[in-house]
Amino acid sequence: MKEQKHLGPLDGLRGLMAYWVLFGHVSHSTGMESVPVLRSAHYAVDGFMLLSGFLMTWHYVLRAPKEPWTSWRTWSAFYIRRYFRISPLYYLLLIPSFAMLGLYAHWEQASSAILTVANTLAPVVPVDLSNVLSHLSYAFGLLPRFHASLPLPDWSISLEMQFYLVFPFLMLFVLRFGWVAFSAVATAIWLAANSSTLGYAHMFSQPSPLPMSLLWFVIGMVWAGTFIANQKPQLRWILLGCLLAVISRDPHDIILVFVFAWILFAQKRILLGGLADAARRVLSCRAAKFMADASYSVYLTHLLILRPIAYFLLTKTQLSTTGQWAIALVITTVCSYGAAIALRPIEKWGISVGRQLSRKVVAGLSAPHEDRTAGSLVQPAPQETVA
């Protein structure tokens, strides 16, 4: 089926983005300057956001006939699934993060001093009730004091949860006003949040508040929603997503989005479509599926593994930068993917619980009193709102 054909490559891209983050952090933590773009892990996170926007919209639209968007049960089921997908593993890793916060901060500060680079951890804040609650509730991404205070790259986890919180509202906006209006409004919000005069980017070392990163989610949403509505990719919607990337004025992000568009949508005989088709097959192979399944765990655990390794190599050895980088990359890669295999049952348990609870909620949609008149992008109406 067409859906499965495109979801396979998306999983492969997700796995690659997770490894890019690991690769970038290893390069940064060992002072490896010869990989200037790949050492910038934030571009991979932008790719993650695009994929998240695509996948959330894809599944939300496909479920619309059975889970109408105007029903509170649909929203509840969505929130339950996403909460239990994210929280079990994250909450588990909060334990060593809080327990060893001081030690991790020491390792990071010592390594940063040797490399003469900025410390990526915020000043150590007390492990008090407000700190713990802000992380358990995922609100820490909205708080400058806490948004990057742990030895986890969890600022983007808070960002994801913010996106999930508003996602049903965004889809209702699309249903009412259409993709063009939605893209325009979302881009205006993103520009305002990142403006030097109106925005608040100076308060955060990472773009953890949703308005600061909304653009990348929107690109994926536009591509997924319009693709399903029309049953095939349409050039105008592909170009709209690319245009939104151009607005960012970051050449690396622009190239990344264009590459995503080429991989996902290029057809045979145009735009090197044969090569894109081969790329899609590679991104759908078993190794890519493994990397995708491991991506969330690898993303969360790799810094916990990397920081003591980088500290030891920088302070206890006389190896060259290349040698330190190579050793750190191999050990962090092996340990991170090994941890992903060990932690996979926790992820599966959360997914299973989320599905079971959400099914109980959705089961009520068949009740006679429930409003089931919500429109669906799967069956597009004549209006531009769903075309």
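Begin with the aromatic cluster: select Y60, W69, F78, Y79, F163, Y164, F167 and F217, which ring pairs link into a cluster. Here two rings of Phe, Tyr or Trp (for Trp, its six-membered ring) pair if their centres lie within 6.5 Å, and planes under 30 degrees apart count as stacked, over 60 as edge-to-face and the rest as tilted. What you are viewing is a predicted model, in which local features need pLDDT of at least 70 and side-chain atom pairs count only at pLDDT 80 or more, while totals for chains, interfaces and linings use all residues. Residues are numbered from 1 along each chain as its sequence is written, and side-chain values use heavy atoms, with hydrogens and water left out.

**Aromatic pairs**

A search of the whole structure finds 28 aromatic pairs. Select W75 and F169, whose ring centres are 4.5 Å apart and whose planes stand at 75°, so that this pair is edge-to-face. The pair links distant parts of the chain, with W75 in helix α3 (residues 72-99) and F169 in helix α6 (residues 155-177), 94 residues apart; helices (H or I, at least four residues) and strands (E, at least two) are DSSP runs, numbered from the N terminus. W75 counts as buried at 16% relative accessibility, whereas F169 is partly exposed, with a relative accessible area of 48%; buried means under 20% relative accessible area, exposed over 50% and partly exposed in between, with a 1.4 Å probe and protein chains only.

Next, select Y83 and Y91, where the ring centres lie 6.3 Å apart and the planes are at 70°, so this pair is edge-to-face. Y83 is partly exposed, with a relative accessible area of 32%, and Y91 counts as partly exposed at 23% relative accessibility.

**Along helix α6**

Show R176 and F177 as sticks: the charged end of R176 sits over the ring of F177, 4.9 Å from the ring centre. The criterion is that NZ of Lys or CZ of Arg is within 6 Å of the ring centre and within 35 degrees of the ring normal.

V174 has its place in helix α6 and, at 0% relative accessibility, counts as buried. Select G225 together with V174: these residues are 51 residues apart along the chain, and their C-alpha atoms are separated by 9.4 Å.

**The loop before α6**

Move to the loop between α5 (129-136) and α6, where Y138 has its place. The phi of Y138 is near 70°, a positive value in a residue other than glycine, and the residue Y138 is buried, with a relative accessible area of 5%. For context, most residues other than glycine have a negative phi.

S149 also lies in the loop between α5 and α6, and counts as buried at 2% relative accessibility. If you add V124 to the selection, S149 and V124 are 25 residues apart in sequence and 6.6 Å apart in space, C-alpha to C-alpha.

**A second positive phi**

Now select R249, in the loop between α9 (235-247) and α10 (251-265). R249 has a positive phi of about 65° although it is not a glycine, and R249 is exposed, with a relative accessible area of 75%.

**Helix α11 and its faces**

Select helix α11 (residues 273-282), whose buried residues are G273, A276, D277 and R280. Seen down the axis of α11, these buried residues fall within an arc of 105°, so they line one face of the helix; the arc is that of the directions from the helix axis to the C-beta atoms. On the other side of α11, L275, R281 and V282 are exposed.

**Cysteines**

Select C242 and C285: C242 is buried, with a relative accessible area of 5%, while C285 counts as partly exposed at 32% relative accessibility. A search of the whole structure finds zero disulfides, a disulfide being a pair of cysteine sulfur atoms within 2.5 Å.

**The whole chain**

Finally, zoom out to the protein chain, which has 13 helices and zero strands. Buried residues make up 55% of its 387 residues. Among contacts (heavy atoms within 4.5 Å) in the protein chain between residues at least 6 apart in sequence, 74% join residues at least 24 apart. With a surface display switched on, the accessible surface of the protein chain comes to about 17,200 Å², of which 68% belongs to carbon and sulfur atoms; accessible areas come from the Shrake-Rupley method with a 1.4 Å probe, and for residues only the protein chains shown count as cover.
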